[in-house]
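This report introduces a protein chain to a reader who has not met it before. Please examine the sequence and the structure shown here before reading on.

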Amino acid sequence: MSSSEHFDCHYCKDSLLGKKYIMKEDTQYCTKCYDNLFANCCEGCSLTIGCNCKDLSYKDRHWHDHCFNCAKCSRSLVEKAFAAKDDMLLCTECHANDYSSKCNNCKKTIMPGARKMEYKGNSWHETCFLCHRCQQPIGTKSFIPKDSGYFCVPCFEKQYAYQCCACKKAITTGGVTYQEKPWHRECFLCISCRKQLSGQRFTTRENYPYCLECFSNLYAKKCVSCTKPITSLAGAKYISFEERQWHSECFTCMQCSISLVGRGFLTQRDNILCTDCSRENSDGDQ
């Protein structure tokens, strides 16, 4: 630079030759003008953060490095983890003590980032969430609440669950009670065909459960006419005569098929006839 050229502050026009200056957008400023024009105000002490100081920023807010401290314990947050709460910057310990969950077991703070369990508004350290019976950490395994405690599934089954009288395993959900004994729904079966009876109509014989179809086939009387079982379990009506039985709809004249329910009838060997057909047969035999 020749002696005839000038190198001045863009704002106050003072010469910058031999002096410290700052460039901003290709324009030079003396340090005083730069601070007055562009320096940020410190959130901590409200003083200007001059060009000779470090400017620490967070979300458009600025601090001197010696003012960047925890709002509660005043420890420096420079190059340390911190958390923001209601416009305050807090070290992780102060934030945890004031705002983090407390373990429902040990009552200590659950520090940010620590593994924890949460259930119905309560929190636990993962290692503090214990089975009430075996006192082992439940972790991420399934558990069952009972009274004021929490149980891992094996312990709950041992202490509280009914045992299915068929498979002898614990009944944890649902179940069926028959003759004051507990059954899994899938274990409560017809003794004959092994069809599941839960939610179905069934009957018993000698304390064994049967579906209606098996009971009818095995034990119901057979209709003389159609040979199908006669059972009153489904509300069916039937006619009985001389140790023979008919469905009501099957009790008809062997010859003319008229219903004989509520009417007089006669027998001819193994057949039943209405009085008219019986009379005709008698006249024909003469």
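The following paragraphs describe the domains, the salt bridges and one threonine.

**Domains**

The model is predicted. Its chain is divided into four parts: domain 1 covers 21–98, domain 2 covers 102–160, domain 3 covers 163–219 and domain 4 covers 238–281. Between the centres of domain 1 and domain 4, taken over C-alpha atoms, the separation is 110 Å.

**Salt bridges**

Side chains of opposite charge can pair when their charged atoms come close. In this model the count is 5 salt bridges. The table presents some of them, including the N to O separation for each pair.

| Acidic residue | Basic residue | N to O separation |
|---|---|---|
| Glutamate 43 | Arginine 61 | 3.7 Å |
| Glutamate 93 | Arginine 75 | 3.1 Å |
| Aspartate 276 | Arginine 279 | 3.3 Å |

Glutamate 43 and arginine 61 meet through their side chains. Glutamate 43 belongs to the loop between α1 (31–38) and β3 (55–58), while arginine 61 belongs to strand β4 (residues 61–64), so their pairing ties together parts that are 18 residues apart in sequence. Glutamate 43 has a relative accessible area of 42% and is partly exposed.

The salt bridge of arginine 75 with glutamate 93 has its closest N and O atoms 3.1 Å apart. This pair also links distant parts of the chain, 18 residues apart: arginine 75 is placed in the loop between β4 and β5 (82–85), and glutamate 93 in helix α2 (residues 92–99). Both partners are partly exposed, arginine 75 with a relative accessible area of 41% and glutamate 93 with one of 42%.

Aspartate 276 and arginine 279 form a salt bridge within a single helix, α5 (residues 275–285), where they lie 3 residues apart, about one turn of the helix. Aspartate 276 is partly exposed at a relative accessible area of 42%, and arginine 279 is likewise partly exposed, at 46%.

**Threonine 109**

Threonine 109 is found in the loop between α2 and β7 (116–119). Is threonine 109 buried or exposed? Its relative accessibility is 15%, and because buried means under 20%, threonine 109 counts as buried. Which residues is threonine 109 in contact with, leaving aside its neighbours within four places in sequence? They are Ala96, Asn97, Ser100, Ser101, Lys102 and His125.

Key
Residues numbered from 1 in each chain as written. Predicted model: local features only at pLDDT ≥ 70, side-chain atom pairs only at ≥ 80, totals over all residues. Heavy atoms only, no water. Salt bridge = Lys/Arg side-chain N within 4 Å of Asp/Glu carboxyl O. Helix = DSSP H or I, 4+ residues; strand = E, 2+ residues; numbered from the N terminus. Buried < 20%, exposed > 50% of the residue type's maximum accessible area, 1.4 Å probe, protein only. Contact = heavy atoms within 4.5 Å. Domains from an automatic or database assignment.
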